[in-house]
Amino acid sequence: MGHQYAKTMFTEAVRRLQQQRGSRLQYERMAKSGASHDELRPPEREFIGSRDSFYMASVNPDGWPYIQHRGGPVGFLKVVDSKTLAFADYAGNQQYISMGNFATNDRVSLFLMSYPEQARLKIIGHALVVATGADPELDAAVRVPGYRATVERIVKIHIIAFDWNCSQHITPRYTLQEFEQAAEAAPTASAT
């Protein structure tokens, strides 16, 4: 079967550079490995469900990449099934760059980070913009109870492949809530 992310992303130019820099053999083994990394397993599902933000890249008709931060309540990026993600696209600054890019090129790349865990997950796929109300089941799937932001549309992503990236150079960072939870869980010094 082979590693779908490596097969997709390691183009001829990439393989040539890997060969020149001495990493080609390692990545050739990765590309041929039995794990396809095109269907989400429990570790990916759990990681995705615990995120409150991610970065999303799209490409405009002139070939320029655009990266946008997407945020919401923990778990707003939903796993619909083993090959599909979806999220409610909340009202924002009304530039519509990503949505405009998807109108001409549906390729998308997501970058999900956990700074405390020093972990990152890269996902590539095809995006489909769905009008709210067009698919009531999908509307219900992306709804976050109690979150009052206005949903303008839904973005559904068919996963082509994913890959976990190494933790090297990820500096641990914590949200205020994570810091407070850690402080509460820490043992207190007892006076003797």
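The following legends describe close-up views of a predicted model.

**View 1. The largest pocket and its lining.**
The largest pocket encloses about 430 Å³ of space. Its lining is made up of 18 residues, of which Ser-50, Arg-51, Asp-52, Thr-175 and Glu-178 are the closest to the centre of the pocket. Three elements, namely strand E1 (53–59), strand E5 (107–114) and helix H7 (176–185), each contribute at least two residues to this lining. By residue type, the lining of the largest pocket comprises seven nonpolar, six polar and five charged residues.

**View 2. The second largest pocket.**
The volume of the second largest pocket is about 250 Å³. This pocket is lined by 20 residues, and Gln-68, Arg-70, Asp-89, Tyr-90 and Gly-92 are the closest to its centre. At least two lining residues come from each of strand E2 (65–71), strand E4 (84–90), helix H5 (97–104) and strand E7 (151–165). The lining of the second largest pocket divides into eight nonpolar, eight polar and four charged residues. Two of the residues closest to the centre, Arg-70 and Asp-89, reappear in the next view as members of a salt-bridge network.

**View 3. A network of salt bridges around Asp-89 and Arg-153.**
The model contains nine salt bridges, and within a network of such pairs Arg-70, Asp-89, Glu-152 and Arg-153 are linked. Side chains of opposite charge can pair when their charged atoms come close. Between Asp-89 and Arg-153 the closest N and O atoms are 2.3 Å apart. Because Asp-89 lies in strand E4 and Arg-153 in strand E7, this pair ties together parts of the chain that are 64 residues apart in sequence. Both Asp-89 and Arg-153 are buried; for Arg-153 the relative accessible area is 14%, which falls under the 20% limit for a buried residue. Arg-153 also forms a salt bridge with Glu-152, for which the closest N and O atoms are 3.1 Å apart. Glu-152, in contrast to its buried partner, is partly exposed, with a relative accessible area of 26%.

**View 4. Val-151 beside Asp-89.**
Val-151 belongs to strand E7 and counts as partly exposed, at 35% relative accessibility. Although Val-151 and Asp-89 are 62 residues apart along the chain, their C-alpha atoms are separated by 5.6 Å. When residues up to four places away in sequence are left aside, Val-151 touches Ala-88, Asp-89, Tyr-90 and Thr-132. Two of these contacts, Asp-89 and Tyr-90, also figure among the residues closest to the centre of the second largest pocket.

**View 5. The salt bridge between Asp-163 and Lys-122.**
The side chains of Asp-163 and Lys-122 meet in a salt bridge with an N to O distance of 3.7 Å. Asp-163 lies in strand E7 and Lys-122 in strand E6 (residues 119–131), so this pair ties together parts that are 41 residues apart in sequence. Asp-163 is buried, with a relative accessible area of 11%, and Lys-122 likewise counts as buried, at 15% relative accessibility.

**View 6. Arg-24 in helix H3.**
Arg-24 is located in helix H3 (residues 24–32) and, at 10% relative accessibility, counts as buried. The side chain of Arg-24 is joined to that of Gln-18 by a polar contact of 2.4 Å. Beyond residues up to four places away in sequence, Arg-24 touches Phe-10, Arg-15, Gln-18 and Gln-19, so that Gln-18 appears both in this set of contacts and as the partner in the polar contact.

**View 7. Positive phi angles at Tyr-96 and Gln-118.**
Tyr-96, found in the loop between E4 and H5, has a positive phi of about 60° although it is not a glycine. This residue is partly exposed, with a relative accessible area of 38%. Gln-118 lies in the loop between E5 and E6, and its phi is near 50°, again a positive value in a residue other than glycine. The relative accessible area of Gln-118 is 31%, and this residue is therefore partly exposed.

Notes:
Residues are numbered from 1 along each chain as its sequence is written. This is a predicted model: local features need pLDDT of at least 70, side-chain atom pairs count only at pLDDT 80 or more; totals for chains, interfaces and linings use all residues. Side-chain values use heavy atoms; hydrogens and water are left out. On a 1 Å grid over the protein atoms alone, a cavity is a set of points where a 1.4 Å probe fits but cannot get out, and a pocket is an open set with protein on both sides within 12 Å along at least five of seven lines; lining residues have an atom within 4 Å of a point. Grid points are joined across faces, edges and corners, and a volume is the space filled by probe spheres set on the points. Helices (H or I, at least four residues) and strands (E, at least two) are DSSP runs, numbered from the N terminus. Ala, Val, Leu, Ile, Met, Phe, Trp, Tyr, Cys and Pro count as nonpolar, Asp, Glu, Lys and Arg as charged, and the others, Gly among them, as polar. Buried means under 20% relative accessible area, exposed over 50%, partly exposed in between (1.4 Å probe, protein chains only). A polar contact is a pair of N or O atoms within 3.5 Å; within protein, one must be able to donate a hydrogen and the other to accept it, and residues adjacent in sequence count only if both atoms are side-chain atoms. Contact means heavy atoms within 4.5 Å. A salt bridge is a side-chain nitrogen of Lys or Arg within 4 Å of a carboxyl oxygen of Asp or Glu.
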